[in-house]
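Me: I would like to learn how to read the features of a protein model, one at a time. Could we begin with a single residue and then widen the view?

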Amino acid sequence: MGRTPTSRSKRRSPKRRNRNRNRNRNRNRRIAGILALILVPVALLSGCLFLAAAAIDAFAPRDDDRRVAGYGAEQLTNACTIIGAGRDLGFGERDQTIAVMTAMGESSLRNLPYGDWETNGVRNPDGTPTTSIGLFQQQDGWGTRDQRLDPYTAATLFYAALAEHAPDREQLTPTAVAHRVQVNDDPNHYARYWDRAVQVVAAVTAPVPEGEDPDIPSCPA
């Protein structure tokens, strides 16, 4: 037997099928448009919130990243050591600030176990490699390796040379005083660090209110 013909009552004309197809297509487009109106702003808002949260986190103060004039906790602790050595030896605030400035210019207030020979191949005038290490980048002639890598001892060595080579330092600019001690190629090398040294010394030596923990390494007078 052949297939039973489909009843005419169940057949759909091509026009009706096209109308239904167009109606469904238009409905889907409307739904897609509505979803876009809802989801795009939500996505943009979420992205903005994420970026805002990241920015807040990036700039939030951290215990190990509290800074004064661009120097962090480790560097400020070294500044306090330099200041303390100067006090113990009877040097005044200006001399202490010059010492801090010099260490900024030599090592960025970091106790480095290497020097400019290792980083840049710098040699002494006689052609020998430099042996600079420590906060003040002192060479072998300043003392033993252990002495030069001990921040307090390195600072006392600097102050001793300061007294010997710059007895008239009150009449000299800070960079000229540092140059007398360090004999840098550029006598004005340390000038750029003076204002920062003043800021650091003022910050770490400021009195701490009673009962409060200092926000930065502190060595008040």
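Me: Where is Ser 132 found?

Reply: Ser 132 sits in the loop between helix 4 (116–120) and helix 5 (145–149), where helices (H or I, at least four residues) are DSSP runs numbered from the N terminus. This is a predicted model, in which local features need pLDDT of at least 70 and side-chain atom pairs count only at pLDDT 80 or more, while totals for chains, interfaces and linings use all residues. Residues are numbered from 1 along each chain as its sequence is written, and side-chain values use heavy atoms, with hydrogens and water left out.

Me: Does one call Ser 132 buried or exposed, and why?

Reply: Buried means under 20% relative accessible area, exposed over 50%, and partly exposed in between, with a 1.4 Å probe and protein chains only. Ser 132 has 5% relative accessibility and therefore counts as buried.

Me: Which residues does Ser 132 touch?

Reply: Contact means heavy atoms within 4.5 Å. Leaving out residues up to four places away in sequence, Ser 132 touches Tyr 114, Gly 115, Asp 116, Gln 137, Gln 138 and Gln 139. With Gln 137 there is also a polar approach, since a polar atom of the Ser 132 side chain lies 3.4 Å from the backbone oxygen of Gln 137.

Me: How does one read a pair of aromatic rings, and how many aromatic pairs are there?

Reply: A pair of aromatic rings is described by the distance of the centres and the angle of the planes. Rings of Phe, Tyr and Trp (its six-membered ring) pair if their centres lie within 6.5 Å, and planes under 30 degrees apart count as stacked, over 60 as edge-to-face and the rest as tilted. By this rule there are three aromatic pairs. In one of them, the centres of Phe 136 and Phe 158 are 4.8 Å apart and the planes are at 15°, so the pair is stacked. Because Phe 136 lies in the loop between helix 4 and helix 5, and Phe 158 in helix 6, the pair ties together parts that are 22 residues apart in sequence. Both Phe 136 and Phe 158 are buried, and together with Phe 91 and Tyr 159 they form one aromatic cluster.

Me: Which cysteines form a disulfide?

Reply: A disulfide is a pair of cysteine sulfur atoms within 2.5 Å, and the structure holds one. Cys 80 and Cys 219 form it, with their sulfur atoms 2.4 Å apart. As Cys 80 lies in helix 2 and Cys 219 in the segment after helix 8, the pair ties together parts that are 139 residues apart in sequence. The torsion about the S-S bond is about -85°, so the disulfide is left-handed, and both cysteines are buried.

Me: What do the buried residues of helix 2 pack against?

Reply: The buried residues of helix 2, which include Cys 80, Ile 82 and Ile 83, pack against helix 3, helix 6 and helix 8. Helix 2 is followed by Gly 90, whose phi is positive, near 85°.

Me: How many helices and strands does the protein have, and how much of the protein is buried?

Reply: The secondary structure comes to eight helices and zero strands, and buried residues make up 30% of the 221 residues. Of the contacts with a separation of 6 or more, 55% join residues 24 or more positions apart.

Conventions: Helix = DSSP H or I, 4+ residues; strand = E, 2+ residues; numbered from the N terminus. Polar contact = N/O pair within 3.5 Å; in protein donor to acceptor, adjacent residues only side chain to side chain.
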